[in-house]
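Hello,

Here is the structure I promised to pass on to you. Have a look at it first, and then read on for my notes.

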Amino acid sequence: AVAWEAGKPLVIEEVDVAPPQKLEVRLKILFNALCRTDVQTPLFPRILGHEAAGIVESVGEGVTDLKPGDHVLPVFTGECKECRHCKSEESNMCDLLRINTDRGVMLNDGKTRFSKNGQPIYHFVGTSTFSEYTVAHVGSVVKINPAAPLDKVFILSCGLSTGMGAALNVAKPKKGSTVAVFGLGAVGLAACEGARMAGASRIICVDLNPKRFVEAKKFGLTEFVNPNDHEKPVQEVIAEMTDGGVDRSIECTGDVDAMISAFECVHDGWGVAVLVGVPGKDASFKTHPMKLLSERTLKGAFYGTYKPRSDLPSLVEKYMNKEIQVEKFITHQVTLSEINKAFDYMLKGEGVCKKCLARLVRSFVARGQTPLFPRIYGHEAGGIVESVGEGVTDLQPGDHVLPVFTGECKECRHCKSEESNMCDLLRINTDRGVMLNDGKSRFSKNGQPIYHFLGTSTFSEYTVAHVGSIAKINPAAPLDKVCVLSCGISTGMGATLNVAKPKKGSTVAVFGLGAVGLAACEGARMAGASRIIGVDLNPNRFSDAKKFGVTEFVNPKDHKKPVQEVIAEMTDGGVDRSIECTGNVNAMISAFECVHDGWGVAVLVGVPNKDDAFKTHPVNLLNERTLKGTFFGNYKPRSDLPSVVEKYMNKELEIEKFITHEVPFSEINKAFDYMLKGEGLRCIIRMEG
């Protein structure tokens, strides 16, 4: 079935199919399916098709693990088993055989194996399965159990694996969790099937076609939402349905607005959104960075992160063992001569069709971010308990403590979750200036109330805080050192160790070399990173940054190209991990776009302006990069800070190098000057003069 030109029906032709060359295999194709990718081709004439099953007819030189007669699935994205991606446990995006819709020739010699009357006919995504015989690179051919029925398992070679893998391998919903799936085509229904297999208690599906709801129930769907039925954004509808948002969402349409909705409908603290659908070339993903900093995670998935040759055989076995039901994805059957009818079914959304076509810190006050006066500021401190109120049982007078701007009540969903530290009761709130108990302030002067700040107000010799915002620590720890662990140092270090999690020998880029950024560098050093690239506009910071493990320095002003391109060139495609600590939205975008496809993870730490918008092309996510936000380094204050203090006591953590100045309380404004001029990192303010 040859596509001679754009917008015209395919034509059934007799063509010549040349023998396989080195590392190539010629296949006899028996069953095919259609996919929307088959209508997105820029090259003609061409033989399309990429979701199929067949039998090896002959093999070329160097092919050792396939032989004539083997039952196989050709796959649009291959696995050479030699490149960095194939050898990585985190990626399936083979450098050699990654999907390429533009290439129409074989890798071996740059020529096509198809022709008609001497005219070359181009290949499509390395498979071209709309032909009784085709030639593919051996790395794009998966050998499977010969007992598996090819007229069923062929649909595992593209969409079904893509959707199901996005759920099982990337979103990874826990048993009893809530999942939203956007788009109820074959890929979306496969994502529902994956959520059902994982044990999700609620599967909420979003689609503009209400006719799809009945069919979707077969795949585990429990509720249906049509955005056209609501006046408010669908992410708000879902948040109301689920008490704040779903645990996981999977976007399978490729529509950028659906991608944004899928991300913004997941719950803060632990929500994970996975993007699967392929967007338009001019699409731009846009959201406020605070949506990320509230500990949501945004991931892209390519082919469900399955490595084709390594993983597909086991999926076929799952079908053989009745763990996967593929029959319900097959709704129509046509012959090759009726292939254009199958395209009509697909483009009209009338089912999925089989055989020839088949399927389904800075202190906040320093930035003017406080709306309330008069007020006592301060939130990074160490002190001693003077007295306790009614009901306080785990603290007593004399205890050494760190007050923390974000608390841990130990009772709410976030505190009980292993994935979140964003306590519902005691989460950071810059607007609240009173105590939770009675809505009043504990500070006053001549009868006039003075408001609290972040529940701590530590710029006072005495302060009052909720017990959930007080971390009890080892009394042997020097308070004039460990006080800096109650905010910025833990934030940066935790962003690296708890969220980015670089492996030993990996490459890390840190944007912003203030105290938080240097703490992120320190975390990378502790994790064993081999290269730590510091990015800052102030070249004077490089010298000090070396103390924290920084090996290279990049000043964006020194380059004519975007800094993400500079870093990609320095690191052969991108760093393994990046941490953004400035709050500048352009730095956030650069930090994300500088990580390597396939396994790169970018973590956002810096607090953005309220009108900022994070923008990137969705393909940057679909290439299996991960974008995460973190809050206080994902540490639970009362549960985790005592162990961070112990790291210092055990000399695993050096915090003295963060302390560059010291002033008495009476000179507190001098400390602000040091900070605002960028002169130093942390200034200790001694309250006793």
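The buried residues of helix H4 pack against two other helices and three strands: helix H3 (159–171), helix H5 (212–216), strand S11 (178–182), strand S12 (202–206) and strand S14 (248–251). Please keep in mind that this is a predicted model. H4 itself covers residues 186–198, and 11 of its 13 residues are buried, which leaves the helix mostly covered. Among the buried ones are Ala186, Val187, Leu189, Cys192 and Glu193, with Ala198 also on the list. From first C-alpha to last, H4 reaches 18 Å, close to the 18 Å expected at 1.5 Å a residue. Right after the helix comes Gly199, whose phi is positive, near 95°.

Some of those strands also belong to a sheet. S12, S11 and S14 sit in an open sheet of 12 strands with mixed pairing, and the order is S13-S12-S11-S14-S15-S17-S31-S29-S28-S25-S26-S27. At its edges stand strand S13 (223–225) and strand S27 (552–554); each has a single partner strand, so one side of each is left without a neighbour in the sheet. From one strand to the next, the twist averages 15°.

Further along that order, strand S15 (residues 272–275) and strand S17 (residues 297–300) run parallel and are joined by four bridges. If you want a place to start looking, Val272 has Thr297 in S17 as its bridge partner. Another helix, H7 (residues 256–264), lies across S11, S14, S15 and S17, and runs at about 170° to S14.

A few backbone details in the loops also caught my eye. Phe44 and Pro45 are joined by a cis peptide bond, with omega about -10°. You will find Pro45 in the loop between strand S3 (24–33) and strand S4 (46–47).

Two residues that are not glycine have a positive phi: Lys322, at about 65°, and Leu454, near 55°. Lys322 is in the loop between helix H9 (308–320) and strand S18 (332–334), while Leu454 is in the loop between strand S23 (448–450) and strand S24 (470–472). Are they buried or exposed? Lys322 has 74% relative accessibility, and because exposed means over 50%, Lys322 counts as exposed. Leu454 has a relative accessible area of 5%, and because buried means under 20%, Leu454 counts as buried.

Enjoy exploring, and do write back with any questions.

Best wishes

Conventions
Residues are numbered from 1 along each chain as its sequence is written. This is a predicted model: local features need pLDDT of at least 70, side-chain atom pairs count only at pLDDT 80 or more; totals for chains, interfaces and linings use all residues. Side-chain values use heavy atoms; hydrogens and water are left out. Buried means under 20% relative accessible area, exposed over 50%, partly exposed in between (1.4 Å probe, protein chains only). The expected span of a helix is 1.5 Å times one less than its number of residues. Contact means heavy atoms within 4.5 Å. Two strands pair if DSSP finds at least two bridges between them. Axes are lines fitted to C-alpha atoms, for helices over the stretch in contact, and angles run from 0 to 180 degrees between N-to-C directions.
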